[in-house]
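This report describes selected local features of one protein model. It takes up individual residue environments, strand pairing, a pocket and aromatic contacts in turn.

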Amino acid sequence: MPEQRVNADFTQRVVIDTAAMPWISSPQAGVERRLLDRIGGEVARATSLVRYAPASHFPAHEHALGEEFFVLSGVFSDEHGDYGEGTYVRNPPRSRHAPRTAGGCTILVKLRQMKPTETERVVIDSTKALWRPAQPNGLLRLPLHLAPDTGESVTLEQMPPGTHLVETELSGGEEIFVLSGELSDRQRAYCAGTWIRNPAGFRSELGSHGGATYWAKRGHLRPMS
């Protein structure tokens, strides 16, 4: 595959209704993608939705700069285990696996976006984990990853109906994927399946009229020094 550049300017805000995107075939039969951002060829720094058909698989491969994914539907499997809907997995640099699925699955996946020094593998089943109150207004948060040295964090967050968060400046940027309900900001409302990338310096003011649950990654889009 020749090099692709998809939403490769990380100083720009991007909002995508992923349900309206086409599925693009991968080199492996039964595996399709929706490209959210990408820099590179078949080996790329990438953020994608990946859909596996029932009984499909992907050949064993190494993630030289790591992989993190969140299972949106179905059950994703590899030789290390089975990961149902709502599971977050973080495979560190130089890890290796052979993905497969019995009944089919869809995942949100980020590739080649970890520091080479990261070594810990993380698996969190959000359906069994303890969500904690994050603010007096009722926001619930489930931490998935935190890197104190860089300020990068990954969380799941749940807003009850009528929630409105105070405006915050995102010094390190933010990515959001709406899992359920409807999330809003000063621009408009976003339905489930919307991917949002807010650049460093963006002022965020999130809320939800009817309630929403979303995956969020913050602090990873800081300007290069």
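Leaving aside neighbours within four places in sequence, Thr18 is in contact with Arg34, Leu36, Leu49, Phe177, Gly193 and Trp195. Thr18 is placed in the loop between β2 (14-17) and β3 (24-25). Its relative accessibility is 3%, under the 20% limit, and therefore Thr18 counts as buried. The structure is a predicted model, in which local features need pLDDT of at least 70 and side-chain atom pairs count only at pLDDT 80 or more.

**Residue environments**

Two further residues may be set beside Thr18. Gly40 lies in strand β4. With a relative accessible area of 8%, Gly40 is buried, because the value is under 20%. Not counting residues up to four places away in sequence, Gly40 touches Pro2, Glu3 and Gln4. Pro2 is 38 residues from Gly40 along the chain, and the C-alpha atoms of the two are separated by 7.5 Å.

Ser25 belongs to strand β3. Its relative accessible area of 57% is over 50%, so Ser25 is exposed. Once neighbours within four places in sequence are left aside, the contacts of Ser25 are with Val31 and Glu32. Phe177, one of the residues in contact with Thr18, is 152 residues from Ser25 in sequence and 22 Å from it in space, C-alpha to C-alpha.

The relative accessibilities of these residues, together with those of two loop residues discussed at the end, are collected below.

| Residue | Location | Relative accessibility | Class |
|---|---|---|---|
| Thr18 | loop between β2 and β3 | 3% | buried |
| Gly40 | strand β4 | 8% | buried |
| Ser25 | strand β3 | 57% | exposed |
| Asn7 | loop between β1 and β2 | 28% | partly exposed |
| Arg112 | loop between β11 and β12 | 32% | partly exposed |

**Strand β11 and its partners**

Strand β11 comprises residues 105-111 and is mostly covered, with six of its seven residues buried. Which strands pair with β11? One is β5 (residues 44-52), which runs antiparallel to β11 and is joined to it by seven bridges. Within this pairing, Leu111 of β11 stands opposite Ala46. Another is β7 (residues 67-78), which pairs with β11 in the antiparallel sense, also over seven bridges. Here Val109 in β11 is the bridge partner of Phe69.

**The second largest pocket**

The second largest pocket holds about 500 Å³ of space. Its lining consists of 26 residues, of which Arg33, Phe58, His61, His63 and Leu111 are the closest to the centre. Leu111 is thus named both here and in the pairing with Ala46. Strands β4 (31-40), β5, β6 (61-63), β7 and β11 each supply at least two residues of the lining. Which strand gives the most to the lining of this pocket? It is β5, with four residues. By residue class, the lining divides into 14 nonpolar, six polar and six charged residues.

**Aromatic pairs**

Four aromatic pairs are found in a search of the whole structure. Tyr52 and Phe76 form one that is edge-to-face, with 5.7 Å centre to centre and 80° between the planes. This pair links distant parts of the chain, since Tyr52 is in strand β5 and Phe76 in strand β7, 24 residues apart. Both Tyr52 and Phe76 are buried. Phe76 also forms a pair with Phe69; this one is tilted, at 4.7 Å centre to centre and with 50° between the planes. Phe69 is likewise buried. Ring pairs link Tyr52, Phe69, Phe76 and Tyr83 into a cluster.

**Backbone conformation in two loops**

Most residues other than glycine have a negative phi. Asn7, in the loop between β1 (4-6) and β2, has a positive phi near 45°. At 28% relative accessibility, which lies between 20% and 50%, Asn7 counts as partly exposed. Arg112 is found in the loop between β11 and β12 (122-125). Although Arg112 is not a glycine, its phi is positive, at about 60°. Because its relative accessibility of 32% lies between the two limits, Arg112 is partly exposed.

How values were computed: Residues are numbered from 1 along each chain as its sequence is written. Side-chain values use heavy atoms; hydrogens and water are left out. Buried means under 20% relative accessible area, exposed over 50%, partly exposed in between (1.4 Å probe, protein chains only). Two strands pair if DSSP finds at least two bridges between them. On a 1 Å grid over the protein atoms alone, a cavity is a set of points where a 1.4 Å probe fits but cannot get out, and a pocket is an open set with protein on both sides within 12 Å along at least five of seven lines; lining residues have an atom within 4 Å of a point. Grid points are joined across faces, edges and corners, and a volume is the space filled by probe spheres set on the points. Ala, Val, Leu, Ile, Met, Phe, Trp, Tyr, Cys and Pro count as nonpolar, Asp, Glu, Lys and Arg as charged, and the others, Gly among them, as polar. Contact means heavy atoms within 4.5 Å. Rings of Phe, Tyr and Trp (its six-membered ring) pair if their centres lie within 6.5 Å; planes under 30 degrees apart count as stacked, over 60 as edge-to-face and the rest as tilted.
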